[in-house]
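Subject: Structure for your review

Dear colleague,

I am passing on the structure we talked about, with the sequence alongside it. Please look it over first, and then read the notes below.

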Amino acid sequence: MVYTSSGRPTAALVENHKAVIDHTRYWVACDTQAEAHYLLAVINSDVLRDKVKPFMPKGQFGARHAHKHLWKLPIPTYDPTDPTHAAVSQAGRNATQATQQTYAGTTAATGTVRSQLRSWLEESLEGRAVEETVAHLIG
């Protein structure tokens, strides 16, 4: 699982074990896909963004450096036997699959896709499920 080091936290699943992650991204090796989908849901949620804002310094364009403060929040370590964790993971999986179908083959710039993805997450059933389950987890 990889997430951005700048801008609004955005995470993605990387299944290629030979992929090289550059210095502008952070990565977390997950034991299972379920754990990766759990973290994807948490990091991509507005719930997380709203919770991390108080820790962030304010710059010329607003709050900055969310990536440095994500892990100051009480995000529980993934436990596959916990029903809430399983629900967050499933919501993350559903959003990932729908995103893959929606954006497969896109040639737009990364920033454009991130913006479109954010809008899609806010409006879609999958995105609302992510928000509801993550709110239950850390809200």
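**What was found**

Of the 139 residues of the protein chain, 38% count as buried. Please keep in mind that this is a predicted model, with an average pLDDT of 82 for the protein chain and a score of at least 70 for 84% of the residues. Confidence is lowest in β5, where the mean is 57, and highest in α5, where it is 95.

**Overall layout**

The protein chain contains five helices and five strands, and from the N terminus on these elements follow the order β-β-β-α-α-β-β-α-α-α. If one takes the contacts between residues at least 6 apart in sequence, 63% of them join residues at least 24 apart. The exposed surface of the protein chain comes to about 8200 Å², of which carbon and sulfur atoms supply 53%.

**Helix α1 and its surroundings**

For the twelve residues of α1, a rise of 1.5 Å a residue leads one to expect a span of 16 Å, and the end C-alpha atoms are indeed 16 Å apart. This helix is mostly covered, with ten of its twelve residues buried; among them are Glu-35, His-37, Tyr-38 and Asn-44. The buried residues of α1 pack against β1 (2-4), β2 (11-12), α2 (46-52), α3, α4 and α5.

Asn-44, which is found in helix α1, has a relative accessible area of 13% and is therefore buried, the cut-off being under 20%. Once its neighbours within four places in sequence are left aside, Asn-44 is in contact with Pro-9, Thr-10, Ala-11, Arg-118, Leu-121 and Glu-131.

**The aromatic pair**

How many aromatic pairs does a search of the whole structure find? The search finds one. The ring centres of Tyr-38 and Tyr-78 are 5.1 Å apart and their planes stand at 50°, so the pair is tilted. Tyr-38 belongs to helix α1 (residues 33-44), whereas Tyr-78 sits in the loop between β5 (62-63) and α3 (83-103), so the pair ties together parts that are 40 residues apart in sequence. Both partners are covered: Tyr-38 is buried with a relative accessible area of 1%, and Tyr-78 counts as buried at 15% relative accessibility.

**Leu-48 in α2**

Leu-48 lies in helix α2 and is buried, with a relative accessible area of 0%. Apart from its neighbours within four places in sequence, the residues in contact with Leu-48 are Pro-9, Val-42, Ile-43, Leu-70, Leu-73, Ile-75 and Ile-138. For one of these, Leu-73, the separation from Leu-48 is 25 residues in sequence and 8.4 Å in space, taken from C-alpha to C-alpha.

**Helix α3**

The 21 residues of α3 should span 30 Å at 1.5 Å a residue, and this agrees with the 30 Å between the end C-alpha atoms. Its buried residues include His-85, Val-88, Ala-91, Ala-95, Thr-99 and Tyr-103, and what covers the buried residues of α3 includes α1, α4 and α5. Asn-94 also lies in helix α3, but at 33% relative accessibility Asn-94 counts as partly exposed. The C-alpha atoms of Asn-94 and Leu-125 are separated by 9.6 Å, although the two residues are 31 residues apart along the chain.

**Helix α4 and its two sides**

Helix α4 (residues 110-123) has 14 residues, and the distance of 20 Å from its first C-alpha to its last is close to the 20 Å expected at 1.5 Å a residue. Which residues of α4 are buried? They are Val-113, Leu-117, Arg-118, Trp-120 and Leu-121. These residues cover an arc of only 165° around the axis, which puts them on the same side of α4. As general background, an α-helix has 3.6 residues a turn, so residues three or four places apart point the same way. The face of α4 turned away from its buried side carries the exposed residues Gly-111 and Glu-123, while the cover over the buried residues of α4 includes α1, α3 and α5 (125-138).

With best regards

Definitions and conventions
Residues numbered from 1 in each chain as written. Predicted model: local features only at pLDDT ≥ 70, side-chain atom pairs only at ≥ 80, totals over all residues. Heavy atoms only, no water. Helix = DSSP H or I, 4+ residues; strand = E, 2+ residues; numbered from the N terminus. Buried < 20%, exposed > 50% of the residue type's maximum accessible area, 1.4 Å probe, protein only. Contact = heavy atoms within 4.5 Å. Areas by Shrake-Rupley, 256 points an atom, 1.4 Å probe, with all protein chains shown as cover. Phe/Tyr/Trp six-rings, centres within 6.5 Å; stacked < 30°, edge-to-face > 60°. Expected span 1.5 Å × (residues − 1). Arc of directions from axis to C-beta. pLDDT = per-residue confidence, 0-100.
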